[in-house]
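Student: Could you help me learn to read how helices pack in a protein model?
Tutor: Happily! Let's look at one together.

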Amino acid sequence: MNYKVTVLGLGAMGLPMATRLATQLTVHGFDIAEPRLRLANEAGVRTFSSAREAAEGADALLLAVRNGEQLDDVLFGENGVASALLPGAVVILGSTVGTEAIPATVARLAEFGVSLVDAPLSGGPKRAGDGDLLIVVGAEPQALEAARPVLELLASTLTVVGDKPGDGQALKTVNQLLCGIHIAAAAEAMALADALGLDQAKTLAALEAGAAGSFMLSNRGPRILEAYTENGAEVLSRLDIFVKDMGIVGKATRAAGLAAPVAAAAEQLYLLGQAQGLASADDSAVIKVIAPTKRTPSSRKPGG
């Protein structure tokens, strides 16, 4: 297919997505880290020395940014790429940035004849590489069709939730409320199992098989059990991502006049983790906020 997509950011999610897209599309990429550029080249992605060079002439630009401020800088800052895109191109926003940043982004992109496809995604690096992501989309129909070659290669579940940008962010905010709570609850459960003298691995296996099972328990549970090892769990999703995302949830619930006490409690755990130096650790390290150290058999009470 004669379709060119540029992926900006070749990190834990960006590189497997670019690799997946390169199986059928022409993929350009950029990252500030030289090792990531080498890996991308090996995967069939043509890399460039600047984001603007990578974006020139692209049919679609796939962005994974941290927040609304970074989105604005990447597109419209001093070295912004929006002006390098051709009229008719689409910017596919795969990040969770909240709804607030979307209207201004749409308006500014329209000045260049470019549309925004609001498509926050979830699933992790392995699922990104396998084309097994969940992607929720808010976009005008014409823009959605222009982005389909990218979206359909990356997603096993593609849900169009509305016909305007911002709808995808709204649904992803609801998704992150649940994910943030589920991770915190899984950590709390595993900490309790340890405090009661149970084998955590056996406990996890039993919970997964019953009514308490969930995707997040099965996905994060093994990493929660690695939190106390020397290097901790492999970082697949940083703890401070949920500081950001639960902050977005909090803003949304307050704006809606909705009480969300469970989400607020989970947010405090991630904030405490960040304050304790766990910001760059895997989000499974939130168990160390609940139980700073893992108990040993000798530290448990008799009969525990």
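Student: Is the crossing of α8 and α9 left-handed or right-handed?
Tutor: In this predicted model, α8 and α9 make a right-handed crossing.

Student: What describes two packed helices?
Tutor: The angle between their axes and the distance between the axes. Here, the axes of α8 (residues 167–195) and α9 (residues 200–208) come within 9 Å and cross at roughly 130°. That angle makes α8 oblique to α9.

Student: Which residues of α8 and α9 meet?
Tutor: From α8, look for Met190, Ala191, Ala193 and Asp194; from α9, find Gln200, Thr203, Leu204 and Leu207. By class, this contact of α8 with α9 has five nonpolar, two polar and one charged residue.

Student: At what angle do α11 and α12 pack?
Tutor: Helix α11 (residues 239–255) packs on helix α12 (residues 261–275) at about 145°, and their axes are 9 Å apart. Their contact includes Phe242 and Met246 of α11, along with Tyr270 and Leu271 of α12. Sorted by class, the residues where α11 touches α12 are nine nonpolar, three polar and two charged. As for handedness, α11 passes α12 in a left-handed crossing.

Student: Now for pockets! Which residues are closest to the centre of the second largest pocket?
Tutor: Those are Val97, Gly98, Glu100, Ile248 and Lys251, out of 16 lining residues. The space in this second largest pocket is about 390 Å³.

Student: Which helix gives the largest share of that lining?
Tutor: α11 does, with six residues. The lining of the second largest pocket divides into six nonpolar, six polar and four charged residues.

Notes: Residues are numbered from 1 along each chain as its sequence is written. This is a predicted model: local features need pLDDT of at least 70, side-chain atom pairs count only at pLDDT 80 or more; totals for chains, interfaces and linings use all residues. Side-chain values use heavy atoms; hydrogens and water are left out. Axes are lines fitted to C-alpha atoms, for helices over the stretch in contact, and angles run from 0 to 180 degrees between N-to-C directions. Helices (H or I, at least four residues) and strands (E, at least two) are DSSP runs, numbered from the N terminus. Angles under 35 degrees count as roughly parallel, over 145 as roughly antiparallel, 65 to 115 as roughly perpendicular and the rest as oblique. A crossing is left-handed if the near helix is turned anticlockwise from the far one by less than a right angle, and right-handed if clockwise. Contact means heavy atoms within 4.5 Å. Ala, Val, Leu, Ile, Met, Phe, Trp, Tyr, Cys and Pro count as nonpolar, Asp, Glu, Lys and Arg as charged, and the others, Gly among them, as polar. On a 1 Å grid over the protein atoms alone, a cavity is a set of points where a 1.4 Å probe fits but cannot get out, and a pocket is an open set with protein on both sides within 12 Å along at least five of seven lines; lining residues have an atom within 4 Å of a point. Grid points are joined across faces, edges and corners, and a volume is the space filled by probe spheres set on the points.
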